Amino acid sequence: MQHLNEARINQLVKFISKMENNLKTELFENFKNSKLMQLFGAEISNINDDYFEIRVPQKDFMMRSAGMFNGATMATLIDVSSYASALTKSNTHYYATVELKINYLSPAIGENLIAKAEVIKRGKVLTVVRSDIYVAKQGSETLVATSLVTLMQLENENYSNQIH
């Protein structure tokens with residue numbers, strides 16, 4: 001399994017703007033400790049205010065027999081990246097997914113999947129996130145799925161280790 005090591009974390013810090021150090025550190029640690037993201041071999045490839053990007057390598061359990069990433073893998077990345085993008089500005093709340101709409105646009109045939117999630121509207125209770133899935137193949141990225149995710153903000157008294 002791939003894990004975020006200190007060198008990778010230091011490299012990613014260069015991408016981060018306007019985020020409080022404590023919040024940034026907590027996001028990295030929570031992501032690194034997520035059993036699901038460890039299983040996926042996931043890495044944070046970019047993080048910013050209202051933005052979160054995850055990259056995963058191809059693994060056998062993620063693939064359909066025709067050689068493409070399966071929809072469940074893409075849906076999982078959409079959910080996790082959307083949730084994490086909402087956490088980039090607040091770690092004192094918990095977010096529950098209340099709606100997740102995915103359009104699969106073309107077969108995801110490639111070496112890696114990349115989820116790029118961006119908060120497009122923050123309300124008092126609901127946050128709406130657009131998350132796109134790209135497949136990387138031979139250095140180029142192709143959009144293969146797009147989604148709209150609605151998250152409900154809940155009070156969270158125990159807000160450590162939020163990314164599962």
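**A buried glutamate, an open sheet and its salt bridges**

In this predicted model, E53 makes a curious starting point: E53 is buried, yet takes part in no salt bridge. The nearest side chain of opposite charge belongs to K116, and it sits 4.5 Å away. A salt bridge calls for a nitrogen and a carboxyl oxygen within 4 Å, so at 4.5 Å the pair of E53 and K116 does not count as one. E53 belongs to strand β2, which covers residues 51-57. Setting aside residues within four places in sequence, the contacts of E53 are E43, I44, S45, N46, I114, A115 and K116.

K116 does have a partner elsewhere. E141 pairs with K116 in a salt bridge, with the closest N and O atoms 2.8 Å apart. Since E141 is in strand β6 and K116 in strand β4, this pair ties together parts that are 25 residues apart in sequence. While E53 is buried, E141 is partly exposed, at 38% relative accessible area.

Now for the sheet that these strands build. Six strands make up an open sheet, running in the order β1-β2-β4-β5-β6-β3, with antiparallel pairing. The edges are taken by β1 (43-48) and β3 (93-104); each has a single partner strand, so one side of each is left without a neighbour in the sheet. From one strand to the next, the twist averages 20 degrees. As for individual pairings, β5 (residues 126-137) and β6 (residues 140-155) run antiparallel to each other and are joined over 12 bridges. Within this pairing, S131 stands opposite S147 of β6. Helix α4, residues 71-87, packs on the sheet and touches β2, β3, β4 (112-122), β5 and β6. The direction of α4 makes about 140 degrees with that of β3.

The helix also matters for the count of core residues. The largest nonpolar core has 36 residues, and those touching the most other members are M37, I54, V56, L77, L113 and I133. Helix α4 gives the most to this core, namely eight residues. Take I133 as an example: not counting residues up to four places away in sequence, I133 touches M74, L77, I78, L113, I114, A115, T142, L143, V144 and A145.

Back to the charged side chains. The structure holds six salt bridges, one of them being the pair of E141 and K116 described above. Another joins K89 and D50, with 3.5 Å from N to O. K89 is in the loop between α4 and β3, and D50 is in the loop between β1 and β2, so this salt bridge ties together parts that are 39 residues apart in sequence. The two partners are not equally covered: K89 counts as partly exposed at 47% relative accessibility, whereas D50 is buried at 15%. Along with R122, D50 and K89 are linked in a network of salt bridges.

One more pair connects neighbours in the sheet order. R130 and E118 form a salt bridge, their closest N and O atoms being 3.3 Å apart. R130 is in strand β5 and E118 in strand β4, so to speak distant parts of the chain, 12 residues apart. Both ends have a relative accessible area of 36%: R130 is partly exposed, and E118 is partly exposed too.

Technical notes
Residues numbered from 1 in each chain as written. Predicted model: local features only at pLDDT ≥ 70, side-chain atom pairs only at ≥ 80, totals over all residues. Heavy atoms only, no water. Helix = DSSP H or I, 4+ residues; strand = E, 2+ residues; numbered from the N terminus. Buried < 20%, exposed > 50% of the residue type's maximum accessible area, 1.4 Å probe, protein only. Lys, Arg positive; Asp, Glu negative; His and termini not counted. Contact = heavy atoms within 4.5 Å. Pairing = 2+ DSSP bridges. Axes fitted to C-alpha atoms, helices over the stretch in contact; angles between N-to-C directions. Core = buried A, V, L, I, M, F, W, Y, C linked by side-chain atoms within 4.5 Å.
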